[in-house]
Amino acid sequence: MSLTDIKNIKHTNSNNFFLLAGPCAIEGEDMAMRIAEKVISITDKLEIPYIFKGSFKKANRSRIDSFTGIGDEKALKILRKVSETFKVPTVTDIHEASDAEKAAEYVDVLQIPAFLVRQTDLVVAAAKTGKVINLKKGQFMSPESMQHAVQKVHDAGNNKAWITDRGTMFGYQDMIVDFRGIPTMRKFAPTILDVTHSLQQPNQSSGVTGGRPDMIETIARAGVVNNVDGLFIETHFNPAKAKSDGANMLHLDYLESLLTNLVAIRKTITAL
């Protein structure tokens, strides 16, 4: 597939990586609009194709009292408002087959969470909407096994599939990115590196996931050097108070300098 298949995506001729970025979860309209406006100003300046990311609900939580969302329809309407206001495509993740058709009315890309990527009914329901499907590689799966998830999308009559690597379990409470998997997965579909989730430290005894945001630039640089097609970065203007995944998010204030460096690396790699 081509990025040009996605409505409202810009800078597709810049030869840059594309970017999926935004908050982990939609916490409210003001925060979503504020983050979107800032990221769009940066990506327009750097000519990076951009898709705004925000989860309309969070189903995979460690504890029952963890934040799960502000209400499905309310959050989806905010995603639509972001898209209509800024003329930018949007992506959200879905957790049940019944979510697919509902979310597809509001966003341009449907994302299948890593823990659910082997759920055939979910993947097929998403594919049948005709939207671009972003398949996150399970932390427990090999790069080679992702060809079967992609094939499910194709067999459902949809040729618009992406793969996103979000790290592999390393012991009980850490993640590691095996960059050997990137060229393997690129044989099956355009491949994205989820920089921030790759730096999670899950399964903490507190029931709140930890992270290593200090390593964001290190992982992102390695991804660009190894020719990922896109990057996925969760960002927030106050990660310490984010209602989901704040421990591994990038502070919004640091996004421009990070992307500036990554674009420079991309240009160097392309010239080799």
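Me: Which residues of helix α8 are called buried, and what makes them so?
Reply: The buried ones in α8 are Leu255, Leu258, Leu259, Leu262, Val263, Ile265 and Arg266. The word applies to residues with under 20% relative accessible area (exposed is over 50%, partly exposed lies in between, with a 1.4 Å probe and protein chains only). Keep in mind that this is a predicted model, where local features need pLDDT of at least 70, side-chain atom pairs count only at pLDDT 80 or more, and totals for chains, interfaces and linings use all residues. Residues are numbered from 1 along each chain as its sequence is written, and side-chain values use heavy atoms, leaving out hydrogens and water.

Me: How do you know on which side of α8 these residues lie?
Reply: They cover an arc of only 165° around the axis, so they sit on the same side of α8. The arc is that of the directions from the helix axis to the C-beta atoms. On the other side of α8, Lys267 and Ala271 are exposed.

Me: What do the buried residues of α8 pack against?
Reply: Their partners are β1 (18-22), α1 (29-46), α7 (216-225), β12 (230-236) and β13 (250-251). A contact here means heavy atoms within 4.5 Å.

Me: How does the reach of α8 agree with what is expected?
Reply: Helix α8 (residues 255-271) has 17 residues and spans 24 Å from its first C-alpha to its last, close to the expected 24 Å. That expectation is 1.5 Å times one less than the number of residues.

Me: What makes a stretch a helix or a strand, and how many of each are there?
Reply: Both are DSSP runs numbered from the N terminus: H or I over at least four residues for helices, E over at least two for strands. By that rule the protein has 8 helices and 13 strands.

Me: Why are β2 and β3 said to pair, and in which sense?
Reply: Pairing needs at least two bridges found by DSSP. Strand β2 (residues 50-53) and β3 have 2 bridges, in the parallel sense, so they qualify. One of the links joins phenylalanine 52 to its bridge partner threonine 90 in β3. β3 also pairs with strand β4 (residues 109-112), in the parallel sense over 3 bridges, and valine 91 has valine 109 of β4 as its bridge partner.

Me: Which hand does the β-α-β unit of β2, helix α2 and β3 have?
Reply: β2, α2 (residues 72-86) and β3 form a right-handed unit. The term fits if, with the strands pointing away from the viewer, the path from the first strand over the helix to the second runs clockwise. The crossover from β3 through helix α3 (residues 97-104) to β4 is right-handed too.

Me: Which faces of β3 are covered?
Reply: Both faces of β3 (residues 90-93) are: Thr90 and Thr92 are buried on one side, Val91 and Asp93 on the other. In a regular strand the side chains alternate between the two faces of the sheet.

Me: Is lysine 137 buried or exposed?
Reply: Its relative accessible area is 1%, so lysine 137 falls under the cut-off and is buried. This residue lies in the loop between β5 (132-136) and α5 (146-155). Among the residues lysine 137 touches are Ala114, Asp165 and Met185.

Me: How do you know whether the radius of gyration agrees with a compact globule?
Reply: For 272 residues such a globule would have a radius near 19 Å, and the protein has 17 Å, which agrees. The radius is taken over C-alpha atoms, and the rule is 2.2 Å times the number of residues to the power 0.38. Of the 272 residues, 53% count as buried.

Notes
Lists of a residue's contacts leave out its neighbours within four places in sequence.
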